[in-house]
Amino acid sequence: MRLFVSEGVPGCLPVLAAAGRARGRAEVLISTVGPEDCVVPFLTRPKVPVLQLDSGNYLFSTSAICRYFFLLSGWEQDDLTNQWLEWEATELQPALSAALYYLVVQGKKGEDVLGSVRRALTHIDHSLSRQNCPFLAGETESLADIVLWGALYPLLQDPAYLPEELSALHSWFQTLSTQEPCQRAAETVLKQQGVLALRPYLQKQPQPSPTEGRAVTNEPEEEELATLSEEEIAMAVTAWEKGLESLPPLRPQQNPVYSRLRQWNTLYLCGTDEYGTATETKALEEGLTPQEICDKYHIIHADIYRWFNISFDIFGRTTTPQQTKITQDIFQQLLKRGFVWQDTVEQLRCEHCARFLADRFVEGMCPFCGYEEARGDQCDKCGKLINAVELKKPQCKVCRSCPVVQSTQHLFLDLPKLEKRLEEWLGRTLPGSDWTPNAQFITRSWLRDGLKPRCITRDLKWGTPVPLEGFEDKVFYVWFDATIGYLSITANYTDQWERWWKNPEQVDLYQFMAKDNVPFHSLVFPCSALGAEDNYTLVSHLIATEYLNYEDGKFSKSRGVGVFGDMAQDTGIPADIWRFYLLYIRPEGQDSAFSWTDLLLKNNSELLNNLGNFINRAGMFVSKFFGGYVPEMVLTPDDQRLLAHVTLELQHYHQLLEKVRIRDALRSILTISRHGNQYIQVNEPWKRIKGSEADRQRAGTVTGLAVNIAALLSVMLQPYMPTVSATIQAQLQLPPPACSILLTNFLCTLPAGHQIGTVSPLFQKLENDQIESLRQRFGGGQLEETFDLKAKTSLKPAVVETVTTARPQQIQALMDEVTKQGNFVRELKAQKADKNEVAAEVAKLLDLKKQLAVAEGKPPEAPKGKKKK
Amino acid sequence: MAAAAELSLLEKSLGLSKGNKYSAQGERQIPVLQTNNGPSLTGLTTIAAHLVKQANKEYLLGSTAEEKAIVQQWLEYRVTQVDGHSSKNDIRTLLKDLNSYLEDKVYLTGYNFTLADILLYYGLHRFIVDLTVQEKEKYLNVSRWFCHIQHYPGIRQHLSSVVFIKNRLYTNSH
């Protein structure tokens, strides 16, 4: 095949950068033609680059050529890449051509050029930072990156047009630009003349039309209003007018959980899983009995949930007689049906303690590296997995005597025999369900590798006893019985527990967890339940989150980095703010990170300025202008459209929550309040109230509608911020049925004449120094973090230790200075200070970092950021 | 035709039973599909390709690397050229180019019916409806292709059927 390219034609950049992908699969001849040559016989207008295929066909689209090279290399197309490429062709290209035309042909500069592409650049930057991946479609460079890089390169290679604040875009662009194929493509096409090389080509292009060149504001996520049909508006108005009449009678006992707002009969439970080695070890450590340990921690956990206002119907525990009864029953059924068998296992036994030792109760010398304190399951030094009987010089961790190898009996759950039933069940359950993709993926990958028999007994005392002769000294493995805890906790809540747990036709079971717990819920428990053949309710929707990181690293209890459940209440930040922010960044779909700065930002912008501001203004207008009574509302077509928009967003909220997209549904709430703020801003009731009779009536309508939107928001907020929701409802004196039922339509719940209560602000501003002191208290300064990780991953920890212990004060002092200087620079940037001033302070910061690196004995970090060309 | 309506047509022609709801974004009313799992999808051709996969009709996206690239090229052509410009002049150039491209082809990829044919048919419909008999004869290959696609089972649905005359009336135009 033959690739026709031309100097000074921007489309040739990605094509040349991608051509290498086809190497070894096809022969690509590259011909250089003039930018005005008509290579493709059927096209009237000149088009370069073009790929002439061996079949005689032509590819004349830049993206299609790149795509073809990638396809040849074995890559498969996917939705995300398609989306990026379509966006590139329809959105980015028009904006970019305009910017380049202004820059190169018309000689414009600065914002005149950047204005037309800023929104597109911001979009890329946001996507990159939101998904937290170095590349557009994930962890590795792919088609989308090459196509977008090629399109952007002529403009962004000039640092003046790569806005500093778009840091994710910045580093993405730098990464790609330094790669060899990209560098070579850039050299071929731009001939080291920069963007001016495109001049002859751009001069031939038509002048961009004004719409393409319009300066777009720097509002990152400005929501555009959807267009509405007459029908949608009419329906919204009808629903609104029915108001309170359409609410069904209230069911007793309402709590802030979405399904209860829908009047679905819901049982919401959680509990502490208390059996197992971890408990026994902890008990030894603290000098308590296992039961005392469990009592202590159960109370701590329950208090945390209570503080966060999590409204479980029951927060139970696994150490109950019900647990023993149900677990043993399931076990007996499995045994009877031949899904459990016995096997002999060689195991260490401590004669002194008179018991077999679980892995965590043995220590000894690693058989691989000779490390003295290897654990029974893994060596901390070389990281290899160890079979406890292979340890040299084993020691019982409790009494330090030397255990001996003896054979003992264990029970195994025959998962391979149950695999077929499980697959049948999954085949029935998964299609159309709301299992998160990661839960499905983890389950499938376990099934793909084939299920292995699983040992379900352990040599412990602290556990559910095994009801079988010869197993008096053993208990069930915690993961066999932990998931049965949900059943026993329900049994402790109601003697009708079987109506929940043996009723798969009527009960929809949603389970929420982090992804590491998926296999036990999607495989182990379902297998046990299917094998027991007792018509158990199995999970219908398994909702697993990804991980939440802390600032730029991981939460780590042992290093004291991060905020943990019991500490949240000591921060002085109310539980509702925590709930809001943690749900706002809920790791749905991908990992996300907790950041103090972001928490401050979201609190001050979304809660204070958007939501709080709107609700407060709406209420204040009613009290100040109308004596606390909701005024008459005479809806104009504009108001009717607003009703329809709010209804649409409300329905979106319902759709998302029915799909358990908790984070996304929160955005709908904020969107409605943004609509509300705009509505007030445009209609200016505070001015109209002083005007003519008609103006006063208009002010009344706007105020009445706004306060009704506030009432709606209070209900939508209930699952997210129950306290704030209740406060709003008390301020507005929302009638009881409207407080806790949410229909799919927006109703007038505060009719004219309704008297509201006293209105006061809902949220408090978070201040920089307050957040800064919290950040310091909970650790996670970026430097400490990287340093710590370095020490951990280093193969020679001893060396790092000697260096650090040699001059710890000096290092600490430097670290403090770096943190201080870093904050100072951030502040300057936030204030949009003079560039030179910022540069000088950045230089100081880099110098400090270098000194710190030297003190720590690390090679200095390569300077990040802009590379001077 | 609004993008959402077009995607509903596509769903039916693919035999997908459950109708998706689409929202529209921005002044160009770009369609957005909220998928059950994973992020929402934005853009006509992106969603269309997604629906094809959902219907297990991957062959409509092309079978070889070459076909796949050609299908995507014409999908891009559809959203940038057909939807992008609508001055009379632009449309004339577009039809002229397409006419000469289709000279030796049954479908856009050559011999196989694909998503590119479906979406280009939907996109061109509003222009072809307005062509005069003479113009239809001038863009003979486009007419032949268009007539073929509109008779393809399940594609046209409620769209008006465009009449093409079998005999040439303006012989001297050739």
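Here, buried means under 20% relative accessible area, exposed means over 50%, and partly exposed is anything in between. Keep that handy for the exercises below, and remember that this is a predicted model.

**Exercise 1. A salt bridge inside chain A**

Task: Work out whether A:Arg698 and A:Asp639 are buried or exposed, and say which parts of chain A their salt bridge ties together.

Solution:
- Start with the pair itself. The closest N and O atoms of A:Arg698 and A:Asp639 are 2.8 Å apart, and the two form a salt bridge.
- Next, place both residues. A:Arg698 sits in helix H27 (residues 693-717) of chain A and A:Asp639 in helix H24 of chain A, so the pair links parts that are 59 residues apart in sequence.
- Now apply the cut-off. A:Arg698 has 13% relative accessibility, so it counts as buried.
- Do the same for the partner. A:Asp639 comes out at 0%, so it is buried too.
- For context, the structure holds 39 salt bridges over all chains.

**Exercise 2. Salt bridges over a short stretch**

Task: Find which helix holds both A:Glu772 and A:Arg775, then look at how A:Glu684 pairs.

Solution:
- A:Glu772 and A:Arg775 make a salt bridge, with 3.1 Å between the closest N and O atoms.
- Both belong to helix H30 (residues 768-777) of chain A and lie three residues apart, about one turn of the helix.
- Check the accessibility: A:Glu772 and A:Arg775 are both buried.
- Salt bridges can also share partners, and that is how A:Lys282, A:Glu285, A:Glu286 and A:Lys296 are joined into one network.
- On to A:Glu684. Its side chain meets that of A:Lys687 in a salt bridge, at 3.3 Å from N to O.
- A:Glu684 has a relative accessible area of 27%, so it goes down as partly exposed.

**Exercise 3. Where chain A touches chain B**

Task: Describe the interface of chain A and chain B, and say which element gives the most to chain A's side.

Solution:
- Count the residues first: 38 of chain A are in contact with 43 of chain B.
- Then take the area. The two chains bury about 3400 Å² between them, and 48% of that is on carbon and sulfur atoms.
- Look for the big contributors in chain A. A:Phe42, A:Asp79 and A:Glu86 lose the most area to chain B, together 17% of what that side buries.
- Move on to the polar side of things. There are 18 residue pairs in polar contact across the interface, counting pairs with both residues at pLDDT 80 or more.
- Sort out who supplies the residues. Strand S4 (58-59), helix H2 (62-72), helix H3 (79-105), helix H16 (437-448) and helix H24 (637-658) of chain A each give at least two residues to the side touching chain B.
- H3(A) gives the most, with seven residues.
- Break that side down by class: 14 nonpolar, 13 polar and eleven charged residues.
- Finish with the charges. Two salt bridges are counted between chain A and chain B, including the one between the side chains of A:Arg45 and B:Asp90, at 3.5 Å from N to O.

**Exercise 4. The layout of chain B**

Task: List the elements of chain B in order and describe how S1(B) and S2(B) are joined.

Solution:
- Chain B has seven helices and three strands.
- Reading from the N terminus, the order is α-β-β-β-α-α-α-α-α-α.
- Strand S1 (residues 22-25) and strand S2 (residues 30-33) of chain B run antiparallel, joined by four bridges. B:Ser23, for one, has B:Val32 as its bridge partner in S2(B).
- The two strands form a hairpin with four residues between them, and B:Gly26 in the turn has a positive phi of about 75°.
- Zoom out to the whole chain: 53% of the 174 residues of chain B count as buried.

**Exercise 5. A sheet in chain A**

Task: Work out which strands stand at the edges of the four-stranded sheet in chain A.

Solution:
- Write down the order: the open sheet runs S8-S7-S12-S13, with antiparallel pairing.
- Strand S8 (355-356) and strand S13 (454-455) of chain A each have a single partner strand, so these are the edges, and one side of each lacks a neighbour in the sheet.
- Inspect one pairing. Strand S7 (residues 340-350) of chain A and S8(A) pair antiparallel over two bridges, and A:Arg349 has A:Phe356 as its bridge partner in S8(A).

Methods:
Residues are numbered from 1 along each chain as its sequence is written. Chains are lettered from A and ligands numbered from 1 in the order in which they are written. This is a predicted model: local features need pLDDT of at least 70, side-chain atom pairs count only at pLDDT 80 or more; totals for chains, interfaces and linings use all residues. Side-chain values use heavy atoms; hydrogens and water are left out. Two strands pair if DSSP finds at least two bridges between them. Contact means heavy atoms within 4.5 Å. Buried area is the accessible area (1.4 Å probe) that two parts lose on being put together, summed over both. A salt bridge is a side-chain nitrogen of Lys or Arg within 4 Å of a carboxyl oxygen of Asp or Glu. A polar contact is a pair of N or O atoms within 3.5 Å; within protein, one must be able to donate a hydrogen and the other to accept it, and residues adjacent in sequence count only if both atoms are side-chain atoms. Ala, Val, Leu, Ile, Met, Phe, Trp, Tyr, Cys and Pro count as nonpolar, Asp, Glu, Lys and Arg as charged, and the others, Gly among them, as polar. Buried means under 20% relative accessible area, exposed over 50%, partly exposed in between (1.4 Å probe, protein chains only).
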